[in-house]
Amino acid sequence: MRRGSIIQLTAIGLVAGAICTAVALAIPWLPVSAGEEAHRIHFVYWFVTVICICVFSVVVAVLVYSVWKFRAGPDDDSDGPPTHGNTQLEIVWTAIPAVLVTAISIVSAIVLAQNGHAGTNPLIVKVDARQFAWNFTYPNGKSVGYLTLPAGRHVKLDITSEDVIHSFWVPQLSQKQDAVPGQHNSLVITPTRKGTYPVICTELCGLGHALMRSHVDVVSPARYAAWVKQSASASTGAPGLAVFSGAGCAGCHTFKPANATGKVGPDLDNLAQLAKQANRGSLEAFIKESIVTPKAYIAPGFPDAMPPGFGTSIPPDKLQQLVQYLAKGPSQ
Amino acid sequence: MTDAAHAHDLHAAPSPPTGWHRLTAPGWLRVLWVTPIFFGIGLGLPVLLRWAAGWDPIWKGSVLVTVELVTTPIGFLVGIGGFDYWAYYASGRPTREEDHSGHGARSWRDYFRINTDHKVIGVQYLVTTIFFFCVGGLLAMLFRAELAQPGDQFFNPQTYNVLVSNHAALMIFLFVIPAFAGLGNYVIPLMIGASDMAFPRLNALSFWLLPLAGMILIVGMVTPGGGPSAGWTCYAPLCSHQPLGQVFFNMGVQWAGASSIMTALNFLVTIITMRAPGMTFWRLPLLVWANFTTSLLVVIATPFIAGSQFFVMFDRVLHMNFFEPAGGGYVLGYQHIFWFYSHPAVYIMMLPGFGIISEVIAVMSRKPVFGYRLMALSLMAILVLGFSVWAHHMFVAGMAGWLRVPMMVTSMVIAVPTGIKIFSWLATMWNGRLRFSTPMLFALGFLSMFVIGGLSGIYLASVPIDIHASDTYFIVAHIHYVLFGGSVFTIFAGIYYWFPKMTGRMYNEKLGQLHFWLTFIGFNLTFFPMHYIGLQGMPRRVADYAHRFADINLFISIASFGLGASTLVFLYNMAYSWAHGPAAEGNPWRALTLEWQVSSPPPIFNFDEVPQVVGHPYEYGVPGAQHAIFGAPHPTPVQPVGTD
């Protein structure tokens with residue numbers, strides 16, 4: 001190769017690399033990191049990004065240079081030189097990628113091991129997923145539909161599901177774990193940055209999947225200590241609302257007092273009218289029947305999609321609270 | 001049979017059946033009355049058995065549909081004539097002397113019946129798969145319309161999930177995999193100097209399973225109660241409790257998989273036993289190498305997806321508990337079995353494309369493929385490694401923790417043979433005489449886009465990053481860079497490259513280039529932003545999403561409509577050029593491989609005389625080099641098994 005073409009090739013590669021670097025830096029690709037594990041995952045991400053930009057720049061340089069320099073003229077019927085291969089070159093482009101992926105594997109394996117380390121005294125929170133809600137149970141028995149975590153402490157989530165597979169993810173904490181029925185999976189998170197972040201279900205779990213959302217409040221240890229002592233109902237207003245959120249009703253139903261906007265099942269703001277149409281006893285009886293034995297009556301135009309297990313999974317007193325809450329209607 | 005009589009039979013049009021024979025001869029008329037009979041059997045058998053056993057209810061939807069989806073397609077295949085010869089043979093009746101009446105196309109009608117000519121079957125495959133490509137694309141347009149804004153606009157979540165599930169299922173099982181089978185069908189026998197595939201009747205049957213599988217998936221979408229809506233991955237236990245349409249999905253995948261396995265067996269036997277004299281393995285064109293490795297993958301892996309769907313069906317219909325935790329089932333078992341197929345499936349959808357790109361780049365650069373042997377060996381390396389990486393789809397699934405690092409390492413290592421291929425293509429182009437015809441543009445588009453898809457694959461192979469990115473739009477972006485920027489671009493490259501050979505006509509080069517640029521730009525505008533929204537926190541398979549992703553989703557939706565519209569240019573170019581394009585020469589690309597050494601389209605049995613292969617297929621620039629010579633003295637022509 002001539003010196004001139006090497007310089008041109010390098011120049012194209014550097015320009016391509018510079019453009020890629022600018023794209024990588026100018027756009028905030030990753031969410032804010034709010035935990036120790038996320039910090040480490042972001043580090044792996046940047047480590048891989050640097051390597052990928054180098055590889056991509058080399059490929060682009062050769063590609064662009066070839067397209068630019070080796071274009072055949074319209075009447076050029078000649079062939080190129082019959083080069084069949086070059087053993088040294090082939091060894092180089094086998095060995096270098098092998099070294100690079102080995103490096104990425106080692107860094108990834110170390111970070112994976114660190115991110116699974118929960119320390120000696122983690123806060124253990126049980127996570128129960130069901131269609132279409134999250135339920136979080138603290139060591140003292142407090143059970144709510146959203147997470148509150150102290151900043152700076154290792155938290156070990158004990159994740160399971162009551163029906164199908166769900167997946168627990170907080171983008172700002174980067175850690176993710178499927179909730180699998182019949183098995184308990186654990187996930188370590190160590191939030192460090194105070195704030196409120198979304199909890200998202202990332203595994204398709206049925207019709208209400210898109211709205212199977214919750215949130216995590218990362219607060220100071222002192223505030224956490226105070227919060228965890230409060231009883232569940234005191235912190236969330238109407239007792240029925242806590243049941244409503246915990247049972248995942250918002251995944252499929254609209255109900256203004258709960259800020260629920262699901263569209264899979266009937267709009268619960270119109271319950272009184274629905275009960276009249278159904279003509280199956282009093283409003284309370286109709287609501288209770290629809291929750292406990294949903295197949296008994298299905299509102300016209302809606303799918304038979306109500307999970308069947310609420311009769312057993314919601315305790316009778318909670319069920320009563322939920323029925324009263326819904327019966328009060330939208331103006332409460 | 002003498003040569004003269006043989007030649008006479010080859011060119012004689014079959015005499016059309018008359019009178020009652022029109023109803024009993026294989027064809028659409030027979031389909032019209034045989035299919036209902038088999039439909040009746042599928043309906044009567046379970047009802048009768050349930051009645052006799054005293055089971056309630058006698059009419060059980062999931063049972064009936066399962067049995068129907070076995071018997072009705074068989075009825076169709078019997079009607080169209082898929083089993084005629086074998087039925088004669090099996091029943092002891094004298095098999096009709098092969099008259100080749102089912103071989104070759106004399107008019108357009110011959111494309112709509114059982115045909116044993118691999119060239120006809122290749123075209124049947126391609127036209128059918130492009131039809132399903134359009135259907136799958138339209139489904140994507142529909143759900144992109146829904147995603148243009150957060151909240152529910154056009155579809156409820158059930159319909160949305162059906163659209164997403166079937167978009168993927170059609171694109172994978174009815175477009176990418178069979179489109180490669182179609183190209184391979186047309187080109188492989190020609191490339192190795194054979195007169196047809198090893199098992200022409202099996203070949204015909206393999207094709208006809210495909211429209212059946214496609215119709216089952218499409219009909220499943222409009223089943224009362226709702227279509228299949230558990231995603232194309234169809235994870236248990238969710239899919240076991242879906243509406244009736246899910247059964248259509250389970251069974252449609254079975255039919256497509258059976259078609260795939262039969263074609264792969266056919267390719268393997270053809271490539272191993274029917275190469276022309278002198279065509280050693282180290283003289284095979286890389287497309288043949290690629291299809292050889294792909295067929296091995298299909299034969300080994302595809303039974304696993306059949307297994308996974310059978311298990312789900314048994315859970316549903318027979319109330320078994322393979323994946324039901326309440327009955328002691330093992331939920332993750334489904335994913336292990338499913339991905340043991342579906343990861344190799346990624347290579348099933350990519351390796352034939354690698355073969356196409358090797359052909360196109362060598363010819364359009366006028367240079368031998370750089371490092372030919374390493375190119376072939378890297379295919380084999382991908383084949384072997386491809387079976388050791390399935391659990392990288394399950395890094396967050398809660399499988400055994402120790403499995404994650406080994407699966408990460410093997411996934412990373414696959415980058416090495418893949419890198420060898422990329423660098424070898426670049427080296428093939430180096431110092432070449434590049435011609436930027438449409439196939440070459442798609443090859444270069446593939447090269448650049450597949451590198452991006454491969455690099456985002458490195459991110460996902462790294463367990464910690466995958467934990468963040470899995471099940472988000474980052475995955476959606478990655479698979480579209482690999483399967484669209486990768487596979488679909490290579491399919492387009494292959495279709496344009498062999499279009500003159502298949503139709504005897506030249507496509508319109510200007511429209512081809514327009515198609516490329518519209519697709520290339522539309523593709524990047526649609527899928528590149530998905531990396532960003534995925535990493536930022538948008539999960540996949542949601543009809544509704546957080547408001548902060550609204551603008552970028554609107555942008556993606558608009559870009560995707562542009563991408564969809566670019567297909568119209570392709571369809572117009574193909575249809576118009578097929579009918580009215582200028583006549584193509586036998587070898588418009590001045591290529592050395594065998595398919596270009598015969599007329600366009602090729603004679604009915606491909607070669608009037610058997611070629612003698614004397615050299616490598618890519619000796620461009622070597623003075624006086626030849627791949628094969630015709631007219632060399634040689635004893636007997638290689639005939640497909642069972643045609644004599």
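**Notebook: loops, sheets and contacts**

I began with B:Cys234, which lies in the loop between α8 and α9 of chain B; helices here are DSSP runs of H or I with at least four residues, strands are runs of E with at least two, and both are numbered from the N terminus. The model is a predicted one, in which local features need pLDDT of at least 70 and side-chain atom pairs count only at pLDDT 80 or more, while totals for chains, interfaces and linings use all residues. Residues are numbered from 1 along each chain as its sequence is written, and chains are lettered from A and ligands numbered from 1 in the order in which they are written.

**Unusual backbone angles**

For B:Cys234 I noted a phi near 55°, a positive value in a residue other than glycine. Most residues other than glycine have a negative phi, and most peptide bonds are trans. I then asked whether B:Cys234 is buried or exposed. B:Cys234 counts as buried because it has 25 C-beta neighbours inside 10 Å; the rule is that 20 or more other C-beta atoms within 10 Å make a residue buried, 12 or fewer make it exposed, and anything in between is partly exposed, with C-beta atoms placed from the backbone.

In chain A, I found A:Asn259 with a phi near 55°, again positive in a residue other than glycine. A:Asn259 sits in the loop between β11 (254-255) and β12 (260-261) of chain A, and A:Asn259 is exposed, since 10 other C-beta atoms lie within 10 Å.

I also looked up cis peptide bonds in chain B. One joins B:Ala236 and B:Pro237, with omega about 0°, and B:Pro237 belongs to the loop between α8 (200-221) and α9 (245-273) of chain B. Another joins B:Asp56 and B:Pro57, with omega about -5°, and B:Pro57 is placed in the loop between α3 (28-53) and α4 (61-80) of chain B.

**A sheet in chain A**

I traced an open sheet of 5 strands in chain A, with the order β4-β10-β9-β6-β7 and mixed pairing; two strands pair if DSSP finds at least two bridges between them. β4 and β7 of chain A stand at the edges with a single partner strand each, so one side of each has no neighbour in the sheet. Neighbouring strands of this sheet are turned by 25° against each other on average, direction ignored.

I followed β10(A) through its pairings. Strand β4 (residues 147-150) runs parallel to β10(A) over 4 bridges, and A:Leu149 stands opposite A:Val218. β9(A) is joined to β10(A) by 6 bridges in the antiparallel sense, and A:Tyr197 stands opposite A:Val216.

Which side chains of β10(A), residues 213-219, point to the buried face? A:Ser214, A:Val216 and A:Val218 point to one face and are buried, while A:Arg213, A:His215, A:Asp217 and A:Val219 point to the other and are not. In a regular strand the side chains alternate between the two faces of the sheet.

Helix α4 (residues 221-229) of chain A lies across β4 and β10, at about 135° to β4(A); axes are lines fitted to C-alpha atoms, for helices over the stretch in contact, and angles run from 0 to 180 degrees between N-to-C directions.

**Helix α10 of chain A**

I checked the length of α10(A), residues 316-327: at 1.5 Å a residue its 12 residues should span 16 Å, and its end C-alpha atoms are 16 Å apart, which agrees. The expected span is 1.5 Å times one less than the number of residues. Buried residues in α10(A) include A:Leu319, A:Leu322 and A:Leu326, and what covers the buried residues includes α6 (239-246), α7 (271-278) and α8 (283-292) of chain A. Just after the helix, A:Gly329 takes a positive phi of about 85°.

**Where chain A touches chain B**

Last, I looked up the chain contacts: 71 residues of chain A are in contact with 75 residues of chain B, contact meaning that C-beta atoms placed from the backbone lie within 7 Å. On the chain A side, α2 (36-69), α3 (87-115), β7 (176-179) and β9 (195-201) each supply at least two residues, and α3(A) gives the most, with 14 residues. By class, this side has 42 nonpolar, 20 polar and 9 charged residues, where Ala, Val, Leu, Ile, Met, Phe, Trp, Tyr, Cys and Pro count as nonpolar, Asp, Glu, Lys and Arg as charged, and the others, Gly among them, as polar.

Key: Two residues are in contact if their C-beta atoms, placed from the backbone, lie within 7 Å.
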